[in-house]
Amino acid sequence: MAVAPKEREDQDSKHRRKKRKYSGVAWILATGIVLIGLAIWGMHVTSQPNFCGNCHQIKPLVTSWASGPHQRVGCLDCHANPGNVGYVIRKVQGLGEVYHQVTNQIPAVLVAKVNTQNCIICHTGARNDYPNAKNIKLDTGPQAPKVSHKETLNQNLSCLTCHKYTGHPSLASSPTSPD
């Protein structure tokens, strides 16, 4: 039984439309994957201290950090809220900082935000990225701090009360250090 030429043409046309539809979906998915990959790469690159140090207002902070005890701790490990959501939110806020830098609308006073929950996460052993970090839950041993922090933890005091310049130690002696 032969297929009529008109019927064959309709089938071929349907097949071509279906093929184009799936081809378009494949291109959209591939483009989406590439864009997501570029966004992740860009977020990683712009989280590095050398990127932050590109702004001349931040250079002294990066230099100070590089000579301190937290030199292996990334900027966003302290200056973002914990977790992936905190990281992404901080990166979006960073876009505003880049905008201010590019448009020369730099605030007279820069205010660093440190979530001390990050200190607690690293210094209680809850995060394995920094195995040599002092553990403030310990009273004795090589990983224990010189002074007990149990009362500080019990009273939920800010780490910055005593350790304000730990991340950027040379600022402690700077006459223009921010309060």
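User: What does the side chain of Lys-150 meet in a salt bridge?
Analyst: Asp-139, with N to O at 3.0 Å. A salt bridge here is a side-chain nitrogen of Lys or Arg within 4 Å of a carboxyl oxygen of Asp or Glu.

User: And where do those two sit along the chain?
Analyst: Lys-150 is in helix H7 (residues 150-154), while Asp-139 is in the loop between helix H6 (116-122) and H7. They're eleven residues apart, and the pair links distant parts of the chain. Helices are DSSP runs of H or I with at least four residues, strands are E runs of at least two, and both are numbered from the N terminus.

User: Buried or exposed, that Asp-139?
Analyst: Asp-139 counts as partly exposed because its relative accessibility is 46%. Lys-150 is partly exposed too, at 39%. The cut-offs: buried is under 20% relative accessible area, exposed is over 50%, and partly exposed is in between (1.4 Å probe, protein chains only).

User: Which residues do shared salt-bridge partners join into a network?
Analyst: Asp-77, Arg-127 and Asp-129. Within it, Asp-129 and Arg-127 have their closest N and O atoms 2.8 Å apart. Asp-129 has a relative accessible area of 47% and so is partly exposed, and Arg-127, at 25%, is partly exposed as well.

User: Before I go on, what kind of model is this?
Analyst: A predicted one: local features need pLDDT of at least 70, side-chain atom pairs count only at pLDDT 80 or more, and totals for chains, interfaces and linings use all residues. Residues are numbered from 1 along each chain as its sequence is written, and side-chain values use heavy atoms, leaving out hydrogens and water.

User: OK. How many salt bridges turn up in the whole structure?
Analyst: Four. One of them pairs Glu-97 with Arg-90, closest N and O atoms 2.8 Å apart.

User: Why does Arg-90 count as buried?
Analyst: Because its relative accessibility is 18%. Its partner Glu-97 is partly exposed at 44%.

User: Switching topic: what's the overall fold made of?
Analyst: Eight helices and zero strands. Of the 179 residues, 18% are buried. Among contacts with a separation of 6 or more, 48% are between residues 24 or more positions apart; a contact means heavy atoms within 4.5 Å.

User: Which residues make the nonpolar surface patch?
Analyst: Val-34, Leu-35, Leu-38, Trp-41 and Val-45, covering about 510 Å². Val-45 is in helix H1 and, at 32% relative accessible area, is therefore partly exposed. Patch residues have over 30% relative accessible area and no salt bridge; like charges are joined within 9 Å, and nonpolar side chains (Val, Leu, Ile, Met, Phe, Trp, Tyr) within 5 Å. Areas come from the Shrake-Rupley method with a 1.4 Å probe, and for residues only the protein chains shown count as cover.

User: What forms the positive patch?
Analyst: Lys-14, Arg-16, Arg-17 and Arg-20. Lys-14 is in helix H1 (residues 5-45) and counts as exposed because it has 57% relative accessibility. Lys and Arg count as positive, Asp and Glu as negative, with His and the chain ends not counted. Each charge is placed at NZ of Lys, CZ of Arg, CG of Asp or CD of Glu.

User: Last one: how far apart are the C-alpha atoms of Val-92 and Met-43?
Analyst: 9.5 Å, although the two are 49 residues apart along the chain. Val-92 is in helix H5 (residues 83-102) and counts as exposed because its relative accessibility is 51%.
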